[in-house]
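Thanks for asking me to look this one over with you. Here are my notes, written for someone meeting the model for the first time.

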Amino acid sequence: MTKILVKQVKSKINCPLTQKRTLVALGLNRLGQVVEHDNSSAILGMVNKVKHLVSVEESK
């Protein structure tokens, strides 16, 4: 399965609580942090929910 790198690029201040919890579920706790996840539909759904706060790229 392919991997994706998810990086938090914007602050979660003034975001709804559901989006803050989604960032924590993705493993993103601070600005600039990068985590690696499998490219699954559940992860892509969470990334889509906070797409304005994160950047995504494929891992090599």
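1. Let me start with how the chain folds back on itself. Among contacts in the protein between residues at least 6 apart in sequence, 71% link residues that are at least 24 apart. Please keep in mind as you read that this is a predicted model.

2. Next, the overall plan. The protein has two helices and three strands, and along the sequence they follow the pattern β-α-β-α-β.

3. Now for overall dimensions. The radius of gyration is 11 Å, which agrees with the value near 10 Å that a compact globule of 60 residues would have. The C-alpha trace spans about 35 × 20 × 15 Å along its principal axes. Of the 60 residues, 28% count as buried.

4. A word on the surface and the charges. The accessible surface comes to about 4,100 Å², and carbon and sulfur atoms account for 53% of that. There are 10 positive and 4 negative side chains, with 14 Å between the centres of the two sets.

5. Strand β1 (residues 3-8) is a good place to begin a closer look. Its side chains alternate: I4, V6 and Q8 point to one face and are buried, while K3, L5 and K7 point to the other face and are not buried.

6. Which strands does β1 pair with? Five bridges join β1 to strand β2 (residues 34-38), and this pair runs antiparallel. Five bridges also join β1 to strand β3 (residues 54-58), again antiparallel. V6 is a handy residue to follow here, with V35 as its bridge partner in β2 and V56 as its bridge partner in β3.

7. Strand β2 alternates as well. V35 and H37 point to one face and are buried, whereas V34, E36 and D38 point to the other face and are not. One of these residues, D38, is the bridge partner in β2 of K3; K3 itself belongs to the side chains of β1 that are not buried.

8. After β1 comes a loop, and V9 lies in it, between β1 and α1 (17-26). Is V9 buried, partly exposed or exposed? It counts as partly exposed, because its relative accessibility is 42%. Leaving aside neighbours within four places in sequence, V9 is in contact with L31, L53, V54 and S55. With V54, the C-alpha to C-alpha distance is 5.2 Å, although the two are 45 residues apart in sequence.

9. N14 is in that loop between β1 and α1 too, and I would pause on its backbone. Phi of N14 is near 70°, a positive value in a residue other than glycine. N14 counts as exposed because its relative accessibility is 77%.

10. Finally, please turn to helix α2 (residues 41-49), where K49 is found. At 42% relative accessibility, K49 counts as partly exposed. Not counting residues up to four places away in sequence, K49 touches T18, Q19 and T22. K49 and L23 are 26 residues apart in sequence, and their C-alpha atoms are 9.4 Å apart in space.

Terms used: Residues numbered from 1 in each chain as written. Predicted model: local features only at pLDDT ≥ 70, side-chain atom pairs only at ≥ 80, totals over all residues. Heavy atoms only, no water. Buried < 20%, exposed > 50% of the residue type's maximum accessible area, 1.4 Å probe, protein only. Helix = DSSP H or I, 4+ residues; strand = E, 2+ residues; numbered from the N terminus. Pairing = 2+ DSSP bridges. Rg over C-alpha atoms; globule rule 2.2 N^0.38 Å. Contact = heavy atoms within 4.5 Å. Areas by Shrake-Rupley, 256 points an atom, 1.4 Å probe, with all protein chains shown as cover. Lys, Arg positive; Asp, Glu negative; His and termini not counted. Charge placed at Lys NZ, Arg CZ, Asp CG, Glu CD.
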